[in-house]
Amino acid sequence: MSAPASESPQRSVLHDETVPARAPWSMELLEGQTLRIVDLEGNQAVDFLVYSLVDDAERYSAADTIAAQRNIFLDQGSVLLSNEGRPMMTIVSDTVGRHDTIAGACSRESNTLRYGHHTKHQHACVDNFLLAHARTGRGKRDMVSNVNWFMNVPVEADGTLGIVDGISAPGKHVELRAEMDVLVVVSNCPQVNNPCNGFDPTPVRMTVFGP
């Protein structure tokens, strides 16, 4: 999908793409550029990782991000920190209000454990991450705990995590500004065994804006 010349007089659109349901996606962003992720049909989880383009060992750290903001949920103003404690991306616009940092990415192994051996053949987010990583020479050892945009994972009083119906809706978005040169890696989640995608994975839109 080709990008229009610009979305508004204020900033240019550098890339505009609809990512199919269940598919991987990756893109390099330079410092100051922003990425908008749009939940086109609503209730679609988007698994997300980010890596420094300058230092391959520097990547998103859930532990540092959670500790710094003293909250397990992300919303507007939250800063995604690296394992070096440096800002990688900042949420500059968010129409959903809460995003998950702790539920991780679904895999064939976790599907089997949670939902039964008959699900082992099903495509999962780990598969998508590995497909995207293959383009840059990364592998499973480069995977870390990820962000789950639009995913609703409440923590119950007894500490149990729930994966429940999403709080997103068609057209809701989250927008992140790159605070350094980064590689963003995404799995448009293919999960069909819990409500994170409404049991029906759908496309999302990725738009990259200039500074």
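Me: What makes Glu 179 and Arg 177 a salt bridge in this predicted model?
Reply: Their closest N and O atoms are 2.9 Å apart. The cut-off is 4 Å between a side-chain nitrogen of Lys or Arg and a carboxyl oxygen of Asp or Glu, so the pair counts as a salt bridge.

Me: Why are Glu 179 and Arg 177 called partly exposed?
Reply: Glu 179 has a relative accessible area of 25%, and Arg 177 has 32%. Partly exposed is the class between under 20% and over 50%, so both residues belong there.

Me: How many salt bridges does the count give, and which residues are joined into one network by shared partners?
Reply: The count comes to 7 salt bridges. Arg 11, Arg 36 and Glu 175 form one network through salt bridges that share partners.

Me: How do you know that Glu 175 has a salt bridge with Arg 11 and another with Arg 36?
Reply: The closest N and O atoms of Arg 11 and Glu 175 are 2.6 Å apart. For Arg 36 and Glu 175 the N to O value is 3.0 Å. Each distance is within 4 Å, so each pair qualifies.

Me: Why does the Arg 11 and Glu 175 pair tie together parts apart in sequence?
Reply: Arg 11 lies in strand β2, whereas Glu 175 lies in strand β11 (residues 172–178), so the linked parts are 164 residues apart in sequence. In the other pair, Arg 36 is in strand β4 (residues 34–39) and Glu 175 in strand β11, so that salt bridge ties together parts 139 residues apart.

Me: Are Glu 175 and Arg 36 buried or exposed, and why?
Reply: Glu 175 has a relative accessible area of 4%, and Arg 36 is at 18%. Both values are under 20%, so both residues count as buried.

Me: What makes Asp 16 buried, and which side chains does Asp 16 contact?
Reply: Asp 16, in strand β2 (residues 11–19), is at 1% relative accessibility. That is under 20%, so Asp 16 counts as buried. Its side chain has a polar contact of 2.4 Å with that of Arg 205 and one of 3.0 Å with that of Thr 207. The limit for such a contact is 3.5 Å, so both distances meet it.

Me: Why is the pair of Phe 48 and Trp 149 called edge-to-face?
Reply: The ring centres are 5.3 Å apart and the planes are at 70°. Centres within 6.5 Å make a pair and planes over 60 degrees apart make it edge-to-face, so the name applies. The whole structure has 1 aromatic pair. Phe 48 lies in strand β5 (residues 46–52) and Trp 149 in strand β10 (residues 147–149), so the pair ties together parts 101 residues apart in sequence. Both residues are buried.

Me: How do you know that Cys 106 and Cys 189 are in no disulfide?
Reply: The count comes to 0 disulfides. For Cys 106, the nearest cysteine sulfur is that of Cys 125, 3.7 Å away. For Cys 189, the nearest is also that of Cys 125, at 3.6 Å. A disulfide needs two sulfur atoms within 2.5 Å, so neither cysteine qualifies.

Me: Why are Cys 106 and Cys 189 called buried?
Reply: Cys 106 is at 8% relative accessibility and Cys 189 has a relative accessible area of 3%. Both are under 20%, so both count as buried.

Key:
Residues are numbered from 1 along each chain as its sequence is written. This is a predicted model: local features need pLDDT of at least 70, side-chain atom pairs count only at pLDDT 80 or more; totals for chains, interfaces and linings use all residues. Side-chain values use heavy atoms; hydrogens and water are left out. Buried means under 20% relative accessible area, exposed over 50%, partly exposed in between (1.4 Å probe, protein chains only). Helices (H or I, at least four residues) and strands (E, at least two) are DSSP runs, numbered from the N terminus. A polar contact is a pair of N or O atoms within 3.5 Å; within protein, one must be able to donate a hydrogen and the other to accept it, and residues adjacent in sequence count only if both atoms are side-chain atoms. Rings of Phe, Tyr and Trp (its six-membered ring) pair if their centres lie within 6.5 Å; planes under 30 degrees apart count as stacked, over 60 as edge-to-face and the rest as tilted.
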